[in-house]
Amino acid sequence: MPLQINKTELESIRAHAARDYPSECCGVLLGHAEDDAKLLLEVVPLANLRHDPARAQELLPVDDPGRETEKNRFLIDPLDQLRVEKDARQRGLEVLGYYHSHPDHPPRPSIYDRDHAWPWYSYVIIAVEQGVPKDLMSWVLEEDRSTFRAETLAICDW
Ligand SMILES: [Zn+2]
């Protein structure tokens, strides 16, 4: 099922990724799921909770807090998640997925990404090289959670 995105939302993800470099940025993708495509209508940038290592470690501990920081991990605050979901529902929008950046790494999901993803949702990853946003890809976790497959990204003009 392709993910359809327009240039404004795409630019919003790219700008957020550049702004937060060299940290990972993250956010939520809202829109409508149709029978044959997901229409991405809104990008909601959020703070990466790994900026607050003590709180992040309480919520979702990492094995090595010295090396697993906001530069290579992201975490969405559950309170932000609830607020965004509630607001989306009130406006008739659905959560289609999430985006985050990979500072100085290719836009491919890490094992950490796989372990913290759910099937169906789109996981958009954007590479940022030396502060400049580069390749962007969308991924969907297989039902058996074994691996991600690349999702077709259609850039639209609407
Ligand atoms: Zn990642």
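This short talk covers a sheet, the helices packed on it, and a zinc site. Keep in mind that this is a predicted model.

Let's start with the sheet. It is open and has eight strands. The order is S7-S6-S5-S4-S2-S3-S1-S8, with mixed pairing. At the edges sit strand S7 (148-151) and strand S8 (153-156), each pairing on one side only. On average, neighbouring strands are turned by 35° against each other, direction ignored.

Now one pair of strands. Strand S2, residues 26-33, runs antiparallel to S4, and six bridges join the two. Look for Gly27: it stands opposite Tyr99 in S4.

Next, the helices. Helix H1, residues 7-20, packs on the sheet. H1 touches several strands, including S1 (3-6), S3 (38-46) and S5 (122-129). Its direction makes about 25° with that of S3. H3 packs on the sheet too, touching S2, S3 and S4. For H3, the angle with S3 is about 140°.

Stay on H3, residues 78-90, for a moment. Arg89 is found there. Is Arg89 buried or exposed? Exposed, because its relative accessible area is 59%. From Arg89 to Pro78 is eleven residues in sequence and 16 Å in space, C-alpha to C-alpha.

Last, the zinc ion. Which residues supply its protein donors? His100 and His102 each give NE2, and Asp113 gives two OD entries. These donors lie 2.0 to 2.7 Å from the zinc ion. The spacing along the chain is H-x1-H-x10-D. His100 lies in strand S4 (residues 94-103) and Asp113 in helix H4 (residues 111-115), 13 residues apart. Both His100 and Asp113 are buried.

Why is the arrangement irregular? Because the four donor atoms subtend angles of 54 to 160° around the zinc ion.

Key
Residues numbered from 1 in each chain as written. Predicted model: local features only at pLDDT ≥ 70, side-chain atom pairs only at ≥ 80, totals over all residues. Heavy atoms only, no water. Donors = N, O, S within 2.8 Å, 3.2 Å for Na, K, Ca; no water. Tetrahedral: all angles 85-135°; square planar, octahedral: opposite > 155°, others 65-115°. Helix = DSSP H or I, 4+ residues; strand = E, 2+ residues; numbered from the N terminus. Buried < 20%, exposed > 50% of the residue type's maximum accessible area, 1.4 Å probe, protein only. Pairing = 2+ DSSP bridges. Axes fitted to C-alpha atoms, helices over the stretch in contact; angles between N-to-C directions. Contact = heavy atoms within 4.5 Å.
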